[in-house]
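Here is a short report on one protein chain. It covers the overall make-up, one sheet and one loop residue.

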Amino acid sequence: MPHGTWVDAQSCDRRALRDMLGSFMTGVTVVAARNEDGAPSALTANSFTSVSLDPPLILVCLAKSSRSAGVFSRAERFSVNILGGWQRDLSAAFASRSPAKDVALEALTPGSPPVVDGSLATIACTQHQVVDAGDHIILIGGVTEFTSMAGEPLGYFRGAYFGFGPATSGDRAAASLGWEAAAQTSAASTDVAAD
Ligand SMILES: Cc1cc2nc3c(=O)[nH]c(=O)nc-3n(C[C@H](O)[C@H](O)[C@H](O)COP(=O)(O)O)c2cc1C
């Protein structure tokens with residue numbers, strides 16, 4: 001298929017650039033840490049990437065404009081929680097500045113780093129490096145431990161969530177935590193603004 005008209009990335013509307021970048025289908029994570037006072041901080045992020053197996057390294061890109069960026073740049077430890085299809089509401093909560101986010105922060109596990117219990121996979125990291133990159137920081141983590149379980153992932157494409165299949169056992173665990181079950185939501189898309 002021929003490509004369309006080239007758009008100049010320097011002078012174009014930022015929305016057009018952002019929309020184009022949203023063509024890259026991703027999963028969804030919640031990144032969590034504690035500040036110096038022990039208060040939890042977390043946000044939804046789909047910029048997660050694996051970097052290295054030996055040593056095990058991952059990265060996530062955080063907007064400097066987010067309230068969490070400062071906390072993450074100083075935190076010695078943080079977690080990356082890869083969300084399952086049953087955690088769509090949780091993703092929306094951590095991407096917001098609403099009371100739902102305060103509830104979601106309260107539900108993080110105690111200890112450091114705090115984690116989102118019942119996620120498809122959770123990665124515990126120590127801070128390896130923070131790289132300054134335009135209006136974002138690149139947070140590189142050294143993986144210390146991880147857990148994972150069976151289930152369908154939560155997907156994200158062009159500003160909408162999507163799922164891959166029917167409800168899984170994770171839905172029942174999620175339902176018991178009070179989050180919306182994927183059985184009701186996995187087929188439908190929800191428009192949300194990403195980073
Ligand atoms: C699916 C999705 C993916 C997102 N990915 C990122 C990301 O990779 N990096 C980022 O800084 N913000 C990302 N965001 C936006 C943040 O989650 C959002 O700005 C959040 O409110 C920041 O919280 P804070 O200001 O409390 O730190 C994403 C939002 C959504 C819905």
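The text below goes from the whole chain to a single sheet, then to a single residue.

**Overall make-up.** This is a predicted model. The protein has six helices and ten strands. Of its 195 residues, 34% are buried. Take the contacts between residues at least 6 apart in sequence: 64% of them join residues at least 24 apart.

**The three-stranded sheet.** One sheet is open and has three strands. Their order is β1-β9-β10, and the pairing is antiparallel. β1 and β10 stand at the edges. Each has a single partner strand, so one side of each is left without a neighbour in the sheet. β9 and β10 pair in the antiparallel sense over three bridges. Within that pairing, phenylalanine 157 has alanine 160 of β10 as its bridge partner.

The strands named in this report span these residues:

| Strand | Residues |
|---|---|
| β1 | 26–27 |
| β8 | 136–148 |
| β9 | 155–157 |
| β10 | 160–162 |

**The loop before β9.** Which residue lies in the loop between β8 and β9? Alanine 150 lies there. Is alanine 150 buried or exposed? Alanine 150 is exposed, because 9 other C-beta atoms lie within 10 Å, and the cut-off for exposed is 12 or fewer. Alanine 150 and leucine 120 are 30 residues apart along the chain. Their C-alpha atoms are separated by 6.9 Å.

How values were computed:
Residues numbered from 1 in each chain as written. Predicted model: local features only at pLDDT ≥ 70, side-chain atom pairs only at ≥ 80, totals over all residues. Pairing = 2+ DSSP bridges. Helix = DSSP H or I, 4+ residues; strand = E, 2+ residues; numbered from the N terminus. Buried ≥ 20, exposed ≤ 12 C-beta atoms within 10 Å, placed from the backbone. Contact = placed C-beta atoms within 7 Å.
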